[in-house]
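I opened my notebook to keep a short record of what I looked up here. Feel free to follow along with the structure beside you.

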Number of protein chains: 2
Amino acid sequence: MTEILSAATRGPLLDPLFSAGWKEVDGRDAIEKTFVFDSFVDAFGWMTRAAIWAEKWDHHPEWSNTYNKVKVVLTTHDVGGLSALDAKLARKMESLL
Amino acid sequence: MTEILSAATRGPLLDPLFSAGWKEVDGRDAIEKTFVFDSFVDAFGWMTRAAIWAEKWDHHPEWSNTYNKVKVVLTTHDVGGLSALDAKLARKMESLL
């Protein structure tokens with residue numbers, strides 16, 4: 001059962017992501033990061049790997065791509081804010097770099 | 001040599017795209033369309049096919065994806081507006097549906 005992150009779980013799950021360059025989105029219970037790659041092929045290749053995990057976990061990002069940049073926003077629409085799934089997908093995205 | 005679309009070429013190249021649901025972007029010499037698919041797999045699969053053509057032609061979209069929706073903006077940064085490449089990529093995106 002997906003639940004919104006409790007006060008107690010936010011720090012342990014989110015602090016490592018903030019250290020990795022993620023930040024809170026203004027006005028939404030969501031996190032975002034802009035990834036910069038060497039080329040479009042690198043950027044879209046990374047998106048493709050992340051897309052497969054997103055589909056496997058049935059948890060999809062909001063993301064935009066312009067050439068070598070990919071901006072990702074993660075939140076859990078079902079619970080109206082951040083859940084452990086967002087932290088899990090963010091960690092996976094980092095590991096796929 | 002890529003050139004900005006002349007007044008004479010705009011109609012023939014852009015009108016068929018406007019008929020297919022593309023529209024001008026407010027305040028920019030660019031065109032946009034939001035594509036809606038049945039699923040994330042369909043949306044991202046289409047993006048992947050379009051991405052290969054974009055790279056092949058060295059002409060890349062600005063695009064964003066949220067689950068089954070893909071919003072595409074096309075313009076030619078090198079010329080500061082729309083060129084024949086944008087119409088070509090838009091037509092390819094339509095043919096890949």
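Right after H1(B), I found Gly21(B), and its phi is positive, near 105°. A reminder to myself before going on: this is a predicted model.

**Entry: the helix before that glycine**

I went back to H1 of chain B, which covers residues 7–19 and has 13 residues. From first C-alpha to last, the helix reaches 18 Å, close to the 18 Å expected at 1.5 Å a residue. Where does the kink in H1(B) lie? I found it at Leu13(B), where the bend is about 30°. The proline Pro16(B) comes shortly after that kink.

**Entry: how the two chains relate**

Next I looked up how chain B is placed relative to chain A. A rotation of 180° with 0.0 Å of shift along its axis superposes chain B on chain A, and the RMSD is 0.0 Å. The two copies are thus related as by a two-fold rotation axis. Which residue of chain B comes closest to the rotation axis? My note says Ser64(B), with its C-alpha at 1.9 Å. I also checked the interface: 100% of the interface residues of chain B are interface residues in chain A too, so the copies meet through the same surface.

**Entry: aromatic rings**

I then turned to the rings. Over all chains, the count comes to 17 aromatic pairs. I picked out one of them, Trp53(A) with Trp57(A): the ring centres are 5.2 Å apart and the planes stand at 55°, so the pair is tilted. Is Trp53(A) buried, partly exposed or exposed? Its relative accessible area is 26%, so I wrote down partly exposed, the class between the 20% and 50% limits.

Trp57(A) has a charge to note as well. The charged end of Lys88(A) sits over the ring of Trp57(A), 4.3 Å from its centre. In chain B, I found the charged end of Lys88(B) over the ring of Trp57(B), with 4.3 Å to the centre.

**Entry: two loop residues of chain A**

Phe37(A) belongs to the loop between strand S2 (31–36) and helix H2 (40–56) of chain A. With a relative accessibility of 12%, Phe37(A) counts as buried, because the limit for buried is under 20%. Its contacts, leaving out residues up to four places away in sequence, include Trp46(A), Val70(A) and Leu97(A).

From there I moved to Tyr67(A), which is 30 residues from Phe37(A) along the chain, with 8.9 Å between their C-alpha atoms. Tyr67(A) lies in the loop between strand S3 (62–66) and strand S4 (69–74) of chain A. Its phi is near 50°, a positive value in a residue other than glycine. At 38% relative accessibility, I logged Tyr67(A) as partly exposed.

**Entry: a loop residue of chain B**

Asp58(B) sits in the loop between helix H2 (40–56) and strand S3 (62–66) of chain B. Its phi is near 50°, which is positive although the residue is not glycine. Asp58(B) is exposed, at 56% relative accessible area.

**Entry: a buried alanine**

My final stop was Ala90(A), in helix H3 (residues 84–95) of chain A. What does Ala90(A) contact, leaving aside its neighbours within four places in sequence? I listed Leu17(A), Trp22(A), Ile31(A) and Leu74(A). Ala90(A) has 0% relative accessibility and counts as buried. I also looked up Ile52(A), which is 38 residues from Ala90(A) in sequence and 14 Å from it in space, C-alpha to C-alpha.

Definitions and conventions. Residues numbered from 1 in each chain as written. Chains lettered and ligands numbered in written order. Predicted model: local features only at pLDDT ≥ 70, side-chain atom pairs only at ≥ 80, totals over all residues. Heavy atoms only, no water. Least-squares fit on C-alpha atoms with pLDDT ≥ 70 in both. Contact = heavy atoms within 4.5 Å. Helix = DSSP H or I, 4+ residues; strand = E, 2+ residues; numbered from the N terminus. Expected span 1.5 Å × (residues − 1). Bend = angle between axes of the 7 residues up to and from the residue. Phe/Tyr/Trp six-rings, centres within 6.5 Å; stacked < 30°, edge-to-face > 60°. Buried < 20%, exposed > 50% of the residue type's maximum accessible area, 1.4 Å probe, protein only. Lys NZ or Arg CZ within 6 Å of the ring centre and 35° of its normal.
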